[in-house]
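Open the model in a viewer and keep the selection tool at hand. The stops below go from one selection to the next and say what is found at each.

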Amino acid sequence: RALLAVSILALASSLLAARSWIVSLTFIGHVLLCAAYAKLKPRMPYCKAFYVSICVVFMAVAAPCAYAPTLLSSLGGATFWQLLLLIFSVALTVEQLQDIRDVDEDLEAQVVTLASGLGQRRARQLLLLFQAASLSLHLLIMQRAHLPLRPHFLAVHAACSLCSMGFTSETPRSLFQVLLEPLYALPLLATVLRASTGLSL
């Protein structure tokens with residue numbers, strides 16, 4: 001209880017110290033989405049990972065824009081959609097693989113995920129199918145908008161596919177923490193490394 005009180009106090013202090021009401025509203029929105037998730041999780045069969053992925057995309061876009069509204073203004077519409085697609089693909093990969101890891105717990109709690117409802121094998125097949133569709137859409141946007149190839153984006157898509165093929169319910173949980181969860185930071189890391197070369201993003 002003391003830790004919870006300290007956490008709430010820290011959050012309240014951060015919101016009060018925010019530079020604008022938009023920042024506070026963004027984080028309040030995120031908290032509400034998380035609270036809704038806790039209530040809705042048993043009532044949204046097969047959609048748990050998608051809901052969490054949407055929350056990740058929301059914060060990945062809303063938080064930077066709240067602190068620096070012009071941060072994403074330099075991106076064109078097509079590049080922005082490529083970025084959203086990449087973030088959603090990473091989030092869905094992590095969440096679906098975690099559902100495969102936690103399939104026994106979800107079955108016991110009667111939470112229906114793709115893994116607990118359709119089986120681990122089919123869940124992984126659907127995840128790989130989504131990643132193929134995501135990569136295809138990325139390339140289609142690139143072609144239609146005459147964008148550069150952006151190999152750092154393609155590398156992130158490839159990493160998602162490799163994780164989907166490599167992680168199973170038998171994978172040690174420590175590897176999920178060491179190798180899978182840091183996948184969330186991979187788009188940023190790839191972008192920073194790409195920028196350090198002086199090439200166009």
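Start by selecting Glu105 and Arg173, whose side chains meet in a salt bridge with an N to O distance of 2.9 Å. Glu105 belongs to helix H5 and Arg173 to helix H9, so this pair ties together parts that are 68 residues apart in sequence. Glu105 is partly exposed, with a relative accessible area of 40%. Arg173 is also partly exposed, at 42%. Bear in mind throughout that the model is predicted.

Keep Arg173 selected and add Asp102. These two side chains form a salt bridge as well, at 3.3 Å, N to O. Asp102 sits in the loop between H4 and H5 while Arg173 is in helix H9, so the bridge ties together parts 71 residues apart in sequence. Asp102 is buried, with a relative accessible area of 17%. Now add Arg101: together with Asp102, Glu105 and Arg173, Arg101 is part of a network of salt bridges. The structure holds four salt bridges.

Zoom out for the whole chain. What elements does the chain contain? There are ten helices and zero strands. Of the 201 residues, 35% are buried. Among contacts between residues at least 6 apart in sequence, 68% join residues at least 24 apart.

Next, select helix H4 (residues 77-101) and helix H9 (residues 173-180). Their axes are 11 Å apart and the helices pack at an angle of about 175°. Angles over 145 degrees count as roughly antiparallel, and that makes H4 roughly antiparallel to H9. On the H4 side, show Val94, Leu97, Gln98 and Arg101; on the H9 side, show Arg173, Phe176 and Leu180. These residues make the contact, and they divide into four nonpolar, one polar and two charged. Two residues of the salt-bridge network, Arg101 and Arg173, thus appear again in this helix contact.

Stay on H4 and select Asp99 with Lys48. Their side chains meet in a salt bridge at 2.5 Å, N to O. Asp99 is in helix H4 and Lys48 is in helix H3 (residues 48-67), so that the pair, 51 residues apart, links distant parts of the chain. Are the two partners buried or exposed? Asp99 counts as buried at 2% relative accessibility, and Lys48 is buried at 9%.

From Asp99, move to Asp106, which is in helix H5 (residues 103-109). Not counting residues up to four places away in sequence, Asp106 touches Asp99, Val111, Thr113 and Ser116. Which side chain of opposite charge is nearest to Asp106? It is Lys48, 4.8 Å away. A salt bridge needs a nitrogen of Lys or Arg within 4 Å of a carboxyl oxygen of Asp or Glu, and Asp106, though buried, has no salt bridge. Lys48 is instead found in the bridge with Asp99.

Go back to H4 and select Thr79, which lies in that helix. Thr79 is buried, with a relative accessible area of 9%. Leaving aside neighbours within four places in sequence, Thr79 is in contact with Leu147 and Arg150. Thr79 and Leu147 are 68 residues apart in sequence, and their C-alpha atoms are 7.8 Å apart.

Arg150 leads to the next stop, the loop between H7 and H8. Arg150 has a positive phi of about 55° although it is not a glycine, and it is buried, with a relative accessible area of 6%. Now select His146, in the loop between helix H7 (120-145) and helix H8 (151-166). His146 also has a positive phi, near 55°, in a residue other than glycine. His146 is exposed, however, with a relative accessible area of 71%.

Finish with the two helices on either side of this loop. The axes of H7 and H8 come within 10 Å and cross at roughly 170°, which makes H7 roughly antiparallel to H8. For H7, display the contact residues Arg124, Leu127, Leu128, Gln131, Ser134, Leu135, His138 and Leu139. For H8, display Phe153, Leu154, His157, Cys160, Ser161, Ser164, Met165 and Gly166. Colour the contact of H7 with H8 by class: eight residues are nonpolar, seven polar and one charged.

Notes. Residues numbered from 1 in each chain as written. Predicted model: local features only at pLDDT ≥ 70, side-chain atom pairs only at ≥ 80, totals over all residues. Heavy atoms only, no water. Axes fitted to C-alpha atoms, helices over the stretch in contact; angles between N-to-C directions. Helix = DSSP H or I, 4+ residues; strand = E, 2+ residues; numbered from the N terminus. Parallel < 35°, antiparallel > 145°, perpendicular 65-115°, else oblique. Contact = heavy atoms within 4.5 Å. Nonpolar A, V, L, I, M, F, W, Y, C, P; charged D, E, K, R; others polar. Buried < 20%, exposed > 50% of the residue type's maximum accessible area, 1.4 Å probe, protein only. Lys, Arg positive; Asp, Glu negative; His and termini not counted.
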